[in-house]
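Work through the exercises below with the sequence and the 3D structure open. Each task is followed by a solution in steps.

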Amino acid sequence: MEYGKTVNLPKTDFPMKANLPVRELNFEKLWEDIDLYHKLLDRDNPKGRFLLHDGPPYSNGDIHMGHALNKLLKDFILRYKSMNGYAAPYIPGWDNHGLPIEQKVSQMFAKKHVVPTKVEMRKACREYAAKQIDNQREQFKRLGVNGDWDNPYLTMTDIYEATIIKTFGRLVEQGYIYRGFKPIHWCINDETALAEAEIEYADHTSDSIFVRFALASDKNGLFEGIENPYTVIWTTTPWTIPANVAVAVHPENEYAFVKTPDATYVIAKELTPKVMGKIGVENYEIIKTVPGKELEGAEFKHPLTERLSVCVCADYVTLEDGTGVVHTAPGHGREDFETGVRYNLPIINPVNAAGRFTKEAGEFEGLHVFKQGNAAVMEALTKVGALLQTEQITHSYPHCWRCHKPVIFRTTVQWFMRIDHNELRQRMLEDIKKSIEFTPPEAANRLYAMIEGSPDWCLSRQRSWGVAIPVFYCKNCNHIVMEKETIDAVYEDSLKHGSDSWFEKSATELLPEGYKCPECGGTDFEKESDIFDVWFDSGSSCHCVLDNREELSYPADVYLEGSDQHRGWFNKSFVVGEATEGIPPFRQIISHGFMLAEDGRAMSKSAGNGISPLQIIKEVGADVLRLWVSSINYREDARIGKQIITRITDAYRRIRNTYRFALGNLYDFDPETDKVAYKDMLDIDKYALIRLNDTIEAITAAYEAYDFHKIYHAVHNYCSVDLSSLYFDVLKDRLYTSPAKSVERRSAQTVCFEILSALTRMLAPIMPHTSEEVYSFTPGKKEESVFLEMFPKVNPAWRNDALAEEWKALLEVRDAVLLAIEKARQDGVIAKPVESAVKVTASGDTYKLLKAHEDELASLFIVSQAELIEGDGETVAEVSPAVGEKCDRCRLVSETVGHCGDHPTLCARCAEIVKNL
């Protein structure tokens with residue numbers, strides 16, 4: 001007789017080899033064919049809605065690992081919420097306006113030797129952005145992200161652009177908007193104003209100079225009898241010297257009159273030794289000191305022009321660097337500007353948008369401030385004997401985060417939003433403390449600092465590709481026209497004809513019919529030429545998207561983006577939402593770190609250490625990439641590389657093998673008819689359900705807290721320890737050799753089914769393709785998709801604290817026995833553990849526990865024979881070769897082999913089973 005045919009060996013078509021790059025496409029097609037996204041929204045969702053608002057990535061280029069991390073974290077959350085009883089819509093979005101696209105399109109025109117009009121430029125930008133969206137959309141879908149991909153939101157659509165205008169109008173009505181002459185960060189490479197969110201700090205090497213200014217007038221009589229009096233300033237921006245109109249001192253600091261062989265210098269007393277050392281003066285004498293406030297009003301000669309430089313007082317003057325006397329150019333610095341306004345100083349800005357000196361800079365006209373300006377100014381200072389010392393220093397300096405080049409301060413006329421109007425700043429700070437939940441919690445401090453220290457928001461940009469600021473100017477009296485009536489008219493026009501209409505039509509065509517200037521009655525107007533900062537575009541999404549989509553509403557439950565968005569999208573959305581609605585646009589902010597190469601360095605094209613998510617998907621599949629995302633603590637910067645992906649692939653394989661074992665042993669199991677009641681199960685099966693309950697509870701808590709790495713580790717530990725090394729290992733003999741329909745085997749199958757079902761659903765948000773595949777092989781009645789099932793819940797009927805404690809103690813003994821078996825194998829006492837015999841000597845409660853499970857010990861230890869002896873000391877396990885012959889059916893060694901004449905090669909247990917087949 002072929003005894004192999006009497007064994008219930010695993011059978012399944014579920015493949016061992018995943019072949020994810022190919023097989024995943026089938027499930028993505030399934031979801032599309034059944035319209036899974038809308039099915040989930042349209043079904044009964046008893047917990048209501050959960051809204052995660054997507055921060056729009058920029059529509060330019062292929063997706064990178066940062067994109068993948070961001071989109072997958074969002075997908076984990078929304079798939080979980082959907083399976084947990086929520087309607088969880090996901091409206092993906094794209095940020096379309098802005099400089100990178102405009103520059104790309106400009107290059108395309110330049111190659112054709114064409115100079116486009118603004119309208120031509122805008123139309124070409126729109127076409128370019130549309131192509132990029134189509135490209136990125138397919139790449140995001142290949143990550144397995146479930147969303148309304150056919151109806152995303154785009155910042156360049158008519159309704160979105162019109163709502164930007166409408167949002168601006170609301171801010172105008174509430175008094176937040178003004179036009180001002182102020183110093184702002186300016187990118188001379190891109191020739192546009194920058195907001196704080198567009199500034200990054202990086203090391204920059206600057207020329208550091210000490211310059212002396214000769215006294216021109218001594219209004220306070222402090223310099224009587226002083227020979228050759230000067231003050232000395234220090235700066236790291238020599239190019240700003242032509243714009244100097246003042247020198248600033250701290251009113252409370254002590255200033256020394258320092259006599260040297262050729263001059264007397266007024267500098268901070270505390271810094272005197274350091275300054276004298278820097279300018280190479282060894283012999284000097286402090287002849288007197290005065291507080292800074294007594295120097296106020298003294299006038300010094302500008303070293304390069306006929307202009308005077310007045311001494312002013314300022315609290316921001318420090319004694320950390322320099323001379324304690326600060327060069328003041330109100331046209332090129334925020335604090336300088338405020339001082340200039342306070343003292344009614346001239347605001348000189350002799351630098352144009354491209355960073356070149358204007359005619360106002362005299363001899364320096366036409367020079368680029370960085371490329372030639374610094375050197376030319378230092379040369380001129382040297383010629384007149386004003387330059388005392390120069391050196392190069394490397395320091396943190398503001399750069400444009402698009403072109404990564406140094407920026408400057410320029411005082412220009414721009415449009416601003418007041419951050420302190422209507423106590424907006426204070427209300428936002430209070431909300432950060434009380435109303436908004438942060439993950440990680442410490443991120444609250446970052447946003448708080450950004451809001452607390454932010455200046456008024458510069459809204460205007462001097463570019464073409466964006467939404468025009470809907471303001472008009474009366475040509476007769478220069479009155480600024482931005483009333484509700486006029487803004488509403490532009491809104492309606494943009495809604496019907498798109499934002500290009502502003503650039504195509506005249507002011508008269510855009511304004512209400514018959515509109516007259518409220519100041520002078522004039523009817524001739526011109527349009528504002530500036531566009532909105534793109535951060536105003538995306539920051540207005542709380543209205544442009546949440547208010548305009550039927551399935552959404554203000555506020556969202558969650559915003560989730562990279563940690564840099566505390567100064568970007570989180571920040572600007574907060575400002576817009578709080579100002580217009582009085583509450584934040586989000587209840588919770590979740591932020592993640594950045595992607596690093598395997599060696600910990602930042603990924604970059606120049607370093608050549610980047611890794612594409614598309615390449616990973618092509619090689620090992622999206623589910624492996626998704627599993628990796630779940631394995632990291634995303635709150636911190638994360639490393640990825642080939643070795644890391646290899647480790648994750650191994651972990652995926654272990655999980656897949658877990659599924660395969662369960663499916664292989666359920667080939668003849670129908671959960672409708674074959675389930676065994678809990679009361680009839682074996683104790684080890686009940687214990688397995690206890691551990692399943694514990695795992696469901698832990699994983700549910702991790703999903704709720706967005707602690708996805710805890711899910712990964714819990715699942716990995718569950719599959720490796722609870723299942724592979726214990727429960728499944730112990731089950732094999734019972735599953736394979738017991739009668740197919742016996743209670744013992746059906747009990748094991750019942751638990752295998754429960755484990756398979758729960759594990760598939762628990763991992764579905766993270767490994768959707770694999771979960772869908774497993775679900776398709778799972779026996780029993782099914783929905784069209786695993787995602788139409790509900791997330792597993794803890795089953796109170798499976799709780800049994802006494803049994804849990806009992807099995808905890810049993811497993812501690814098992815661990816000790818397995819160590820003894822392994823040592824015996826290494827020592828050559830036995831060849832295979834399954835063919836060994838174990839003699840366990842125990843006492844007290846341990847003996848009683850083992851006695852109660854005496855018939856299960858051999859199965860629990862996975863050996864052929866187990867003997868229990870009562871002793872009077874510690875538990876000891878002795879291992880030896882099992883006595884008897886190996887059974888041809890169960891492969892265990894038994895002394896009963898040969899006792900049955902009809903089946904001489906079987907043990908008594910197997911012989912009895914075969915007889916009854």
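**Exercise 1.** Find what share of the 917 residues of the protein chain count as buried.

Solution. The model is a predicted one. A residue is buried when its relative accessible area is under 20%. By that cut-off, 57% of the 917 residues qualify. As for the surface, the chain exposes about 38800 Å², and carbon and sulfur atoms supply 48% of that area.

**Exercise 2.** Decide whether the chain is a compact globule or more spread out than one.

Solution. Begin with the elements: the chain has 28 helices and 32 strands. Next, compare two values: the radius of gyration is 38 Å, while the globule rule gives 29 Å for 917 residues. The value for the chain is well over that of the rule, so the chain is more spread out than a compact globule. Finally, look at the extents: along its principal axes, the C-alpha trace spans about 130 × 75 × 50 Å.

**Exercise 3.** Determine what share of the contacts with a separation of 6 or more joins residues 24 or more positions apart.

Solution. Take the contacts in the chain with a separation of 6 or more; residues 24 or more positions apart account for 77% of them.

**Exercise 4.** Describe the buried residues of helix 9 and what covers them.

Solution. Locate helix 9 at residues 369–383. Its buried residues include Val369, Gly373, Ala376, Val377 and Ala380. In an α-helix, residues three or four places apart point the same way, because there are 3.6 residues a turn. The cover over the buried residues of helix 9 includes strand 6 (199–217) and strand 15 (387–400). Just after the helix, Gly385 has a positive phi of about 75 degrees.

Methods
Residues numbered from 1 in each chain as written. Predicted model: local features only at pLDDT ≥ 70, side-chain atom pairs only at ≥ 80, totals over all residues. Heavy atoms only, no water. Helix = DSSP H or I, 4+ residues; strand = E, 2+ residues; numbered from the N terminus. Rg over C-alpha atoms; globule rule 2.2 N^0.38 Å. Buried < 20%, exposed > 50% of the residue type's maximum accessible area, 1.4 Å probe, protein only. Contact = heavy atoms within 4.5 Å. Areas by Shrake-Rupley, 256 points an atom, 1.4 Å probe, with all protein chains shown as cover.
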